[in-house]
Structures are given as structure tokens and as C-alpha cells.
Amino acid sequence: MSCCKASSFARFLAAILLLIGAALGILHYLDFFTKTYTETRTIDPGHAIEREETPVPPVRFTDITKAAGISFVHTNGLTDKKLLPETMCGGIAVIDFDNDGNPDLLFVNACPWPASPQRRQEDLPTLVLYRNRGNGTFQDVTKETGLNVTLYGMGATVGDYDNDGWPDLFVTGVGGNHLFHNSPDKSRKEGRRFVDVTATAGVGGPGGWPAQPVGDFFRWDQPICFSTSASFLDYDGDGKLDLFVCNYVHWSPAYDLSIGFKIDGKERMFGQPKQFEGAVCFLYHNEGNGKFTDVSKESGVQVFEKEGTDETARLRPVGKSLGVIVCDADEDGWPDIFVANDTVRNFLFHNRPGPNGTRVFREEGIYAGVAYAQGETRGAMGIDWAPYYRPGCNALLITNFANEPDTFLCQDKLKRLEFSDVAKPEGIAGPSRVPLKFGAFFFDYDLDGRLDFLTCNGHLDPSIRKLQPAQNYKQPAQLFWSKPEEGFEPVTAEAAGPDLFQPLVGRGCAYADLDGDGDLDVILVGNGGPALVLRNDNQLGHHWVRFQLQGDGVHSNRSAIGARLILETKDGEQRREIAAARGYLSQSELVATFGLGKTDRIERVTIIWPGQNAGTTVLDHPAIDKQHMIVQGRK
């Protein structure tokens with residue numbers, strides 16, 4: 001080859017390499033949406049270990065949304081500007097706000113941005129509260145209960161923070177959070193009304209909406225609070241509920257618009273979280289007088305890392321928190337906090353003694369094995385805890401982005417903060433890989449005594465198929481049945497009916513026994529679309545028992561959040577823990593349900609009440625197939 005030809009060939013080869021490099025760069029940039037460039041080469045597909053197939057029992061879920069009178073349609077404020085909060089919202093909370101024994105439903109709504117076309121105040125979307133009439137139907141009581149409030153809502157948590165016997169409500173959102181106190185309605189006999197006490201309580205969070213209307217909201221470049229999931233908990237054991245709040249990213253509309261990218265150079269897509277700086281979580285201590293103190297910094301729930309090795313290097317907030325579950329993971333009597341973070345490591349805040357008799361948290365996610373999945377960060381969304389999902393083993397479920405399997409962590413030894421990812425051997429990794437998972441919860445839907453789990457799924461962008469034809473914007477939920485021996489089996493429409501698997505842009509989800517028949521019904525929320533309420537039509541003839549707990553308001557909080565229950569039968573042991581948040585932006589009912597299968601006798605139930613020196617209650621041979629109301633200190 002001549003020197004000239006060699007030179008031409010070299011230039012041709014360099015051009016080819018340059019084009020390849022550019023293409024790879026584009027793929028990397030689109031990684032948030034496609035997840036096909038790096039992950040499919042570095043992560044094992046995660047097929048289940050071969051084992052004998054066990055048939056899934058037939059338990060049908062029936063869509064009763066319309067028949068029940070629920071017409072809620074979620075508003076996400078979607079515009080052609082595609083701001084990140086628009087695709088992340090949609091929570092649900094189960095709350096028996098009137099204490100009639102029937103679980104009511106609170107749907108968290110968003111709203112148009114301030115720069116959107118003006119609408120009459122009465123036409124703006126609000127929170128929506130449905131009262132359960134107890135006859136299979138619900139009544140919209142939003143206006144009369146004072147919750148016809150317009151805000152850019154994300155999620156909610158429920159708990160009786162003032163121990164007056166009535167559950168209160170905390171709602172997170174973009175532009176600030178809101179605490180609603182459940183109060184008597186003087187205008188209606190025996191009526192209840194929610195009063196916004198955020199300012200007095202001091203839990204609104206920093207960085208709210210602009211103080212004055214601005215000419216163009218989308219040019220606003222100052223940070224706006226972007227809170228997501230939250231949970232009531234009594235972290236210091238004083239009998240009063242404190243408040244933990246997740247925050248997603250350092251966000252403003254102007255910055256969001258500055259980092260977005262487009263399909264084919266034309267259509268804008270949502271920005272990816274990797275392009276946003278992280279945020280820190282909030283922890284508010286309940287002072288007992290209707291006020292809370294922000295103890296986020298001194299309590300250890302704010303996580304920072306240096307951007308460099310120099311002593312003067314800037315501290316950067318680490319978290320991009322979306323989901324939270326509070327549980328006593330090491331069974332030492334003090335609640336710990338697990339946080340699911342999007343594209344950065346997950347947190348485990350271990351509750352430990354602090355100075356002068358206080359309690360503080362130490363972040364131990366890396367040491368405990370919960371920070372990463374297979375050594376890498378994932379797009380973590382929802383999270384839940386399953387005590388004793390197998391005899392002698394607790395589990396932590398974290399839902400992840402599309403083309404990333406669910407993270408399923410087994411606590412290797414009880415009372416020790418050591419976890420291993422067992423999604424692959426449990427048969428979860430392969431089936432859960434493709435969808436984009438948000439909401440999640442463990443529940444025993446067939447009442448056989450083993451905890452199953454559900455995830456609520458849906459993608460981020462309506463145009464996702466232009467980038468990835470194998471993906472859909474609307475996606476069906478996934479239900480995994482726990483096998484008798486080992487592993488989980490994906491449940492199909494043949495076993496559960498087609499209604500549960502209606503495609504939606506799934507975000508929050510929750511469970512509750514809405515009709516009082518002992519089995520657990522399901523509520524799914526679609527971002528920018530209608531909700532689904534699904535009745536569990538279990539006809540297997542399995543026995544069950546349910547426990548509603550009430551603390552004494554002195555040693556334990558009235559909601560009994562943080563209580564642990566241990567049920568013993570001749571077949572073994574089951575456990576539950578009362579939590580004020582599960583999955584993503586959502587809260588399920590606070591009643592503990594145990595499936596008993598064919599077992600018709602309970603030997604013993606032990607209730608470990610939350611709080612310092614709160615004690616235990618032991619129930620011998622409680623009746624089956626009924627719900628028990630257990631009041632602390634009352635025989």
C-alpha cells in the first residue's frame with residue numbers, strides 16, 4: 001500500500017472511530033431512558049434457579065372503581081416543557097379519618113404550574129378524599145373535610161401526631177409540604193375537618209414557590225422544595241410521632257429546562273436525575289405541643305460527600321430519595337430507616353444512642369449491603385420490608401428502573417444488619433427486569449400465611465417507544481406469589497383475572513380490606529390518569545385474623561406505628577410491623593393482617609408496643625376469621 005493510500009485509509013479509519021465514539025456518547029446520554037448500553041452487558045439476566053413448578057392458586061381481583069363511586073383522575077400538570085416532577089407524582093394513602101372502622105382513601109393530586117393558562121380557583125384540581133360507606137361504595141367528602149386544597153402534591157403519610165385518637169395527614173409536594181390536623185367540625189354534628197397547621201408545626205420545608213407571581217415561572221432558577229415519600233415514626237421512643245421526609249433533587253424549573261434533551265433534535269424528553277444535584281432528607285422531632293423541631297442535621301439523616309480530596313472541597317448532598325420504609329431491622333426496640341435513592345446508593349439509617357440520652361442515626365447502607373445492587377447503583381423508586389418472609393429471614397424489596405430487576409435483599413441473620421441480594425435464586429430477577437417499577441408492597445393476598453408482593457409499573461415519557469420499541473408508557477402491575485418451599489412465581493391473568501393487569505402509568509399503590517371480608521384489596525394510582533380499585537375475591541376458604549392496635553398515647557403513640565406482632569401456630573411463626581409508609585409516595589392501612597391457610601387455631605400473638613419501656617401484650621388463642629381491636633393497657 002502506498003504512503004498516500006495508507007494516509008487515506010488512516011483518515012477513513014479515524015473517521016469511523018470518531019462516529020462510533022459519538023454514537024456511544026449519545027447512547028450513554030440516553031441511558032436514563034433506554035438502559036440498554038451498559039446494563040445489558042454487565043448485569044446477569046438473573047434467571048431463576050431451576051425448581052419444580054408450583055401452580056399459583058386462583059384468586060381473582062375485580063375492578064370495582066366505577067361501581068364503588070370512585071372517579072378520581074390524577075392531574076400531573078404535564079406541559080410540552082416536560083418538567084421532572086410531572087412524571088414522578090401520584091400517591092395514595094389509606095386513612096380511617098372518621099374512626100368508623102371502614103378504611104377511607106386519600107388521593108394525592110398535583111396541579112398546573114403557575115405559568116400555565118389561568119383557570120378559576122374552583123376548577124383547579126385538589127386533593128381528593130373518599131369516605132368508605134361500608135357498603136361497597138365511597139362518597140367524595142373532599143370539600144366538607146377541608147381537603148379541597150390545590151398543591152403540587154407527591155405523597156402522603158398518616159399518623160396521630162398529637163395522640164388525640166384521630167389520624168392526621170401529612171402531604172408532600174413540590175413547593176412545600178403540608179400537615180393537616182384532624183379536628184372536630186363545629187358546623188356538622190360528629191363531623192371531622194382537616195385544618196392546615198403547617199406553619200404552626202414548622203414542617204413545610206424550605207424553598208417554596210416564589211413569594212410573588214413571576215412573569216415566567218419557567219425562568220425561575222432558585223431551588224424549590226421537591227419532597228417525595230414521608231413517614232411518621234417515633235424515633236426516640238417518647239410516645240410521640242416524629243416525621244421523616246424524603247427529598248428528591250435540587251430542582252428549579254429553569255435548571256430543569258436547561259438540561260433536557262430531545263428526540264431527533266425536536267421533541268423534548270424529561271431530564272434524567274443524574275443531571276441534577278442530590279438533596280438531603282428532613283427529620284422533625286415532635287415537641288408535643290403541636291410543634292416540631294427540625295433535627296435533620298444533628299440527627300445524622302443528612303448525607304454529604306466531598307467533591308474532591310482537598311480540605312476545602314465542597315460538600316455535595318448524596319441522596320435522591322424516593323421511597324422510605326421504617327422498621328426495627330435489628331430488633332433492638334428502636335426504629336431504623338431504609339431509603340431508596342434514584343441512581344445513587346441507598347441509605348440505611350441505623351438508630352443509635354446519641355449524646356445526653358438522645359437518639360441519632362448513622363448511615364450504614366454500604367456496610368449492611370443495601371447501598372448497591374450487584375455492586376452498582378440503580379434507579380431505585382419504591383421500598384418495603386417483610387419481616388419473616390421465610391422462617392428466620394427478613395426481606396427488603398426495592399423497585400428499580402426499566403431493564404433493571406427488582407432488588408430483593410435477605411437479612412442473612414436476624415438482628416444483624418447484613419443483607420444479600422437473592423432476587424435471582426428467588427425467581428424475581430428475570431420476570432421483574434423489563435418494566436419500570438415504582439410502587440410496591442408485601443401482602444398475603446391469598447391468605448396462605450406467606451407474604452407475596454406487588455409492584456405498580458409505568459414508564460416516564462409518553463414517547464418512550466420512539467427510543468425503545470420494547471417499552472410501553474402504560475404498563476401492567478406485577479404480582480408475585482410466594483411458593484410453599486422457596487421462591488416466588490409471577491402471577492398471570494389466568495390466576496388473578498385481567499383487571500389487575502390493566503396497563504397504566506403506575507406510581508403509588510396501597511392495600512386495605514375495603515369491604516371487611518378479611519382479605520386485602522388493592523388501590524393503584526396512574527400518573528396523569530384514573531386510579532384503579534381492585535376487590536380481592538378470594539374463594540380459597542383460607543382462615544385469617546386481623547389486629548387493629550391503639551397505643552396508650554403515653555408510652556406508645558396512639559396509631560401504634562412501629563409496633564411489632566408475632567403470631568404463633570402449630571405450623572410456625574409469622575410477623576408483621578406497623579408502618580406509616582410503604583412503597584412509593586403511599587401508605588397502606590395500619591391494620592395487621594395474617595393469613596392462616598387451613599390452620600384453624602392460633603396458639604399465641606405477642607404485641608411489642610413501640611416506645612421506651614412500652615411493654616408487650618400477649619394474646620392466647622385469639623379467635624380466627626375476625627378483626628380484633630387491641631388497646632394498650634386494656635384487658
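At 40% relative accessibility, His621 counts as partly exposed. This residue belongs to a predicted model. His621 is found in the loop that runs between strand 38 (616–620) and strand 39 (627–631). Its phi is near 50 degrees, a positive value in a residue other than glycine. Asp625 lies in the loop between strand 38 and strand 39 as well. Here too phi is positive, at about 60 degrees, although Asp625 is not a glycine. Asp625 has a relative accessibility of 33% and counts as partly exposed.

Aromatic contacts were examined next. The structure holds 35 aromatic pairs. One of them joins Phe97 and Phe194, with 6.3 Å from centre to centre. The planes of these two rings stand at 45 degrees, and the pair is tilted. Phe97 sits in the loop between strand 2 (92–95) and strand 3 (104–107). Phe194 is part of strand 9 (residues 191–196). The two residues are 97 residues apart, and their pair links distant parts of the chain. Phe97 is buried, with 4% relative accessibility. Phe194 is buried, with a relative accessible area of 4%.

A second pair is formed by Trp113 and Phe217. Their ring centres lie 5.6 Å apart. The planes meet at 15 degrees, so the pair is stacked. Trp113 is in the loop between strand 3 and strand 4 (128–132). Phe217 is in the loop between helix 4 (198–201) and strand 10 (227–233). This pair links distant parts of the chain, 104 residues apart. Trp113 and Phe217 are both buried. Both also belong to a cluster held together by ring pairs. Its other members are Tyr152, Trp209, Phe218, Phe226, Tyr248 and Trp251.

Charged side chains meet rings at two places described here. Lys81 lies over the face of Phe218, 5.0 Å from the ring centre. Phe218 is one of the residues of the aromatic cluster. The charged end of Arg359 sits over the ring of Trp334, at 3.8 Å from its centre.

Salt bridges were counted across the model. The count comes to 31 salt bridges. Lys240 and Asp238 meet through their side chains in one of them, at 3.1 Å from N to O. Lys240 is partly exposed, with a relative accessible area of 22%. Asp238 is partly exposed, with a value of 23%.

Glu277 forms a salt bridge with Arg314, and the closest N and O atoms are 2.4 Å apart. Glu277 lies in the loop between strand 13 and strand 14, and Arg314 in the loop between strand 16 (304–306) and strand 17 (315–317), so the pair ties together parts that are 37 residues apart in sequence. Glu277 is partly exposed, at 26% relative accessibility. Arg314 is partly exposed, with a relative accessible area of 39%.

Asp448 and Arg450 also meet in a salt bridge, at 2.5 Å from N to O. Asp448 is buried, and Arg450 is buried too. Elsewhere, salt bridges that share partners build one network. Asp328, Glu331, Arg564, Glu573 and Arg575 are joined in it.

The loop between strand 13 (267–269) and strand 14 (282–286) also contains Gly271. Gly271 is buried, with a relative accessible area of 0%. Its C-alpha atom is separated by 13 Å from that of Asp342, which is 71 residues apart from Gly271 along the chain.

Strand 18 spans residues 321–327. Of its 7 residues, 7 are buried, so the strand is largely enclosed by the rest of the structure. Strand 18 is joined to strand 19 (residues 336–341) by 6 bridges. The two strands run antiparallel. Cys327 has Asp336, in strand 19, as its bridge partner.

A nonpolar patch was found on the surface. Its area is about 370 Å². Ile366, Tyr367 and Tyr372 make this patch. Tyr367 lies in helix 7 (residues 365–368). Tyr367 has a relative accessible area of 72%, so it counts as exposed.

How values were computed. Residues are numbered from 1 along each chain as its sequence is written. This is a predicted model: local features need pLDDT of at least 70, side-chain atom pairs count only at pLDDT 80 or more; totals for chains, interfaces and linings use all residues. Side-chain values use heavy atoms; hydrogens and water are left out. Patches are made of residues with over 30% relative accessible area and no salt bridge: like charges are joined within 9 Å, nonpolar side chains (Val, Leu, Ile, Met, Phe, Trp, Tyr) within 5 Å. Accessible areas come from the Shrake-Rupley method with a 1.4 Å probe; for residues, only the protein chains shown count as cover. A salt bridge is a side-chain nitrogen of Lys or Arg within 4 Å of a carboxyl oxygen of Asp or Glu. Helices (H or I, at least four residues) and strands (E, at least two) are DSSP runs, numbered from the N terminus. Buried means under 20% relative accessible area, exposed over 50%, partly exposed in between (1.4 Å probe, protein chains only). Rings of Phe, Tyr and Trp (its six-membered ring) pair if their centres lie within 6.5 Å; planes under 30 degrees apart count as stacked, over 60 as edge-to-face and the rest as tilted. A charge sits over a ring if NZ of Lys or CZ of Arg is within 6 Å of the ring centre and within 35 degrees of the ring normal. Two strands pair if DSSP finds at least two bridges between them.
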